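Subject: Structure handover

Hi there,

Here is the structure I promised to pass on to you. Please have a look, and then read on for what turned up in it.

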Amino acid sequence: MKTRCVFSTPDLATARAAMAAARQAGIPDDNISLIAREDIELQQIPDHLMVGRTDFYPAAARGAACGGGAGVLLGLIAVAVPPLGVTLAGGAAIALAGAAVGCWTGALVGTDVPDAVHRKFKDEIDAGRILVIIDATRDDLTAACPGVLATGAKHLPLHAHPEVPQLAA
């Protein structure tokens, strides 16, 4: 299971050094990304390293799950009520329609909601710092974090869950 670790760097040179330290510890490029203010992003950071700004995909998934659950419930009620005459296939269709509507609605809402890292560290981003995000297993993070911290990057706690490695600042 991957854990997300966030580091704050004062400039692009430090962010690149932190990324190099993570790569040297065995973290693949696909698991390293950056977040910065828009003016910094447009000028200095390659597109393939940037993290999406919105909660689009997680919101769509939550909407599909909630809509599908509501659709299953309504489908079962429709099948159980004899005067409605809905078959089991009709109940399944209602469930699919609920999932589709939930996914669509969730995605629409998610396009307007910033992702979790942007929400939590808005002040860091607004101050012009560049965030280095590493998604890796706990063991890989434990191996990579000392090198990343040695570059001058500062660890920012994203979660307060016990499975997140506790890193010395």
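To begin with, at which residue does α7 bend, and by about how many degrees? The bend is at A144 and comes to about 35 degrees. A proline, P146, follows within four residues. Do keep in mind that this is a predicted model.

Helix α7 covers residues 138–150, and its 13 residues should span 18 Å at 1.5 Å a residue. The C-alpha atoms at its two ends lie 19 Å apart, which agrees with that expectation.

Which residues of α7 are buried? They are L141, A144, C145 and V148, so A144 is both buried and the site of the bend. An α-helix has 3.6 residues a turn, so residues three or four places apart point the same way. The buried residues of α7 pack against three elements: β1 (2–9), α1 (12–24) and β3 (130–137). After the helix comes G152, which has a positive phi, near 105 degrees.

Now to the charged pairs. Side chains of opposite charge can pair when their charged atoms come close. The structure holds five salt bridges, and here are some details on a few of them.

One of them joins R4 and D135, with 2.8 Å between the closest N and O atoms. This pair links distant parts of the chain, since R4 sits in strand β1 and D135 in strand β3, 131 residues apart. R4 counts as partly exposed because its relative accessibility is 29%. D135, with a relative accessible area of 17%, is buried, the cut-off being under 20%.

E124 takes part in a salt bridge with R129, where the closest N and O atoms are 3.7 Å apart. E124 also meets K154 in a salt bridge, at 3.9 Å from N to O. Here too the pair links distant parts of the chain: E124 belongs to helix α6 (residues 122–126) and K154 to strand β4 (residues 154–156), 30 residues apart. Through shared partners, salt bridges join E124, R129 and K154 into one network.

How buried or exposed are the members of that network? E124 is buried, at 14% relative accessible area. R129 is partly exposed, at 33%, and K154 is partly exposed as well, at 44%.

Happy to talk it over whenever suits you.

Best wishes

Note on methods:
Residues are numbered from 1 along each chain as its sequence is written. This is a predicted model: local features need pLDDT of at least 70, side-chain atom pairs count only at pLDDT 80 or more; totals for chains, interfaces and linings use all residues. Side-chain values use heavy atoms; hydrogens and water are left out. The expected span of a helix is 1.5 Å times one less than its number of residues. The bend at a residue is the angle between axes fitted to the seven residues ending there and the seven starting there. Buried means under 20% relative accessible area, exposed over 50%, partly exposed in between (1.4 Å probe, protein chains only). Contact means heavy atoms within 4.5 Å. A salt bridge is a side-chain nitrogen of Lys or Arg within 4 Å of a carboxyl oxygen of Asp or Glu.
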